[in-house]
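Hi everyone, thanks for coming. Today I'd like to walk you through a structure that may be new to you, so please have a look at the screen.

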Amino acid sequence: MFSTHVYPSGLTLITVPMKSTQSVTALILVGAGSRYETPKINGISHYLEHMFFKGAQRYPTSHDVSSAVDELGAEMNAFTGKEYAGYYIKIAAKHLDKSLDILSDMLINPTFDPAEIDKERGVIMEEYNMYQDTPMYQVQWDFERLIFGDQPLGWDEVGTKECIMSIQQKDFQSYKNMLYGAKNTVITLAGNFDEQEARAMIERYFEFSLIEKNKEFDAYKPHTPTSRVSVTNKKTEQAHLVLGVEGLDYFHPDRYVQEVIATILGGNMSSRMFQKIREDRGLAYYVQSSFSDYKETGVFYTRAGVSLKDIDDVVRLIQDEYRLLANEPVTEKELTKAKEFIKGKMMLSFEDTETVAHFYGRQKLLRNEVKDPQDITKNIDLVTLDDLSRVSKDLFGRPMYLSVIGPFDTPARFESLM
């Protein structure tokens with residue numbers, strides 16, 4: 001059972017007691033993802049995430065931050081998405097107070113030392129290069145850029161080389177002042193702690209310190225590309241592809257139906273895509289169907305790594321499975337199996353305090369509502385065969401998009417497949 005507490009500043013705290021564990025995850029989510037960026041500062045959300053670890057008032061250097069975490073045997077990390085950023089420490093329950101001291105100092109009192117900014121450019125450029133050299137990740141970003149176009153929802157979170165090399169201290173301070181406000185922040189504590197003590201700790205470390213948010217990201221503008229195929233010519237031994245459609249947003253009433261569809265098609269080792277493409281034909285090492293949902297839209301896709309000679313066959317097979325699901329009834333047995341898989345995986349993941357914290361915090365920040373796992377289970381159970389047919393016809397009746405990375409010159413050779 002979770003509780004929600006809103007402080008006078010508008011800061012929201014969600015507490016999820018888990019008495020069976022000896023740890024606590026303190027997670028801070030802020031509506032400060034890459035959708036808030038402009039072309040001039042594309043990548044600043046992710047760069048800022050790095051800079052929060054580089055020193056503040058009570059922990060002046062990156063070494064001070066990491067030492068404070070390491071001496072407690074804690075795990076600390078951060079991430080940047082398109083609509084929010086997150087910062088967390090997973091720690092032994094008795095050290096919760098210390099973890100909040102570290103996190104609050106990082107996020108409220110960063111120094112943004114110009115020397116550290118310049119040093120971190122090299123780190124981020126190497127991260128940029130790493131993704132460029134990892135096609136199975138990059139092809140996913142290419143796919144979203146193809147569907148969403150040249151607007152923040154279509155940009156990579158890591159940014160561009162030009163922006164990474166030009167961002168300065170004043171840019172970080174300005175961006176932080178716009179977005180890192182109390183009403184734009186959700187703190188979630190999941191694990192073994194006393195709730196009243198935890199509320200007092202949050203008030204001591206965070207209350208009246210986070211400034212007001214004063215920026216919203218621009219609304220998504222539907223995009224129609226000149227071609228529905230994107231090809232990045234790269235010398236690789238394996239072709240990487242993502243094939244899919246524009247999907248459902250995270251407010252959509254059919255979002256649970258979409259999750260069941262993804263599971264049936266390519267969510268596990270007994271799924272249709274995995275069995276047909278990998279097990280029966282031996283055409284791919286990895287093949288998976290999934291989705292990403294955002295405020296106004298989303299993507300539904302299947303991704304795969306295939307041999308260069310077999311890529312055309314795999315594109316056709318994925319399309320065939322999409323059409324089959326849309327046009328032929330699913331059996332009750334297959335629907336039940338998918339539902340139980342989703343519910344079982346969710347329950348297993350809830351043994352981890354970090355997963356629990358993210359589950360509750362993301363809902364509050366993005367949807368301003370919080371459902372518990374039992375609510376999600378009920379929604380999954382409500383999905384019917386008619387729902388699958390209806391939503392599959394909708395999704396797979398939409399224009400399909402294909403992104404590919406491999407030794408291919410132009411999109412032209414794939415356009416006839418679409």
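Let me begin with a question: what covers the buried residues of α2? Before I answer, please keep in mind that this is a predicted model.

Helix α2 covers residues 62–70, and its buried residues are V65, A68 and V69. If you look down the axis of α2, these buried residues fall within an arc of 95°, so they line one face of the helix. Over on the other side of α2 you'll find H63 and D70, which are exposed. And now the answer: the cover over the buried residues of α2 includes β4, β5 and α3, the last of these being residues 96–108.

Two of those names are strands, so let's turn to the sheet. There is an open sheet of six strands here, with mixed pairing, and the order is β1-β2-β6-β3-β5-β4. At the edges sit β1, residues 3–6, and β4, residues 75–80, and each of them pairs on one side only. From one strand to the next, the twist averages 15°.

As a reminder, strands of a sheet pair through backbone hydrogen bonds, either parallel or antiparallel. In our case, β4 and β5 run antiparallel, joined by six bridges, with β5 spanning residues 85–92. If you want a spot to zoom in on, M76 stands opposite I89 in β5.

Which helix packs on the sheet, touching β2, β3, β4, β5 and β6? That is α13, residues 353–367, and its direction makes about 30° with that of β3.

Now for the aromatic rings. The count comes to 21 aromatic pairs. Take Y131 and Y137: their ring centres are 6.3 Å apart and their planes are at 80°, so this pair is edge-to-face. Y137 itself counts as partly exposed, because its relative accessibility is 45%.

Another edge-to-face pair is F408 with F414, at 5.2 Å centre to centre and with 85° between the planes. Are these two residues buried or exposed? F408 counts as buried, at 8% relative accessibility, and F414 is buried too, with a relative accessible area of 0%. F414 also has a charged neighbour: R413 lies over the face of its ring, 4.3 Å from the ring centre.

One last thing to find on the screen is an aromatic cluster, formed by Y47, F52, Y87, F112, F172 and Y180. Y87 falls within the residues of β5, 85–92, so to speak a link back to our sheet. 

Thanks for listening!

Note on methods. Residues numbered from 1 in each chain as written. Predicted model: local features only at pLDDT ≥ 70, side-chain atom pairs only at ≥ 80, totals over all residues. Heavy atoms only, no water. Pairing = 2+ DSSP bridges. Helix = DSSP H or I, 4+ residues; strand = E, 2+ residues; numbered from the N terminus. Axes fitted to C-alpha atoms, helices over the stretch in contact; angles between N-to-C directions. Contact = heavy atoms within 4.5 Å. Buried < 20%, exposed > 50% of the residue type's maximum accessible area, 1.4 Å probe, protein only. Arc of directions from axis to C-beta. Phe/Tyr/Trp six-rings, centres within 6.5 Å; stacked < 30°, edge-to-face > 60°. Lys NZ or Arg CZ within 6 Å of the ring centre and 35° of its normal.
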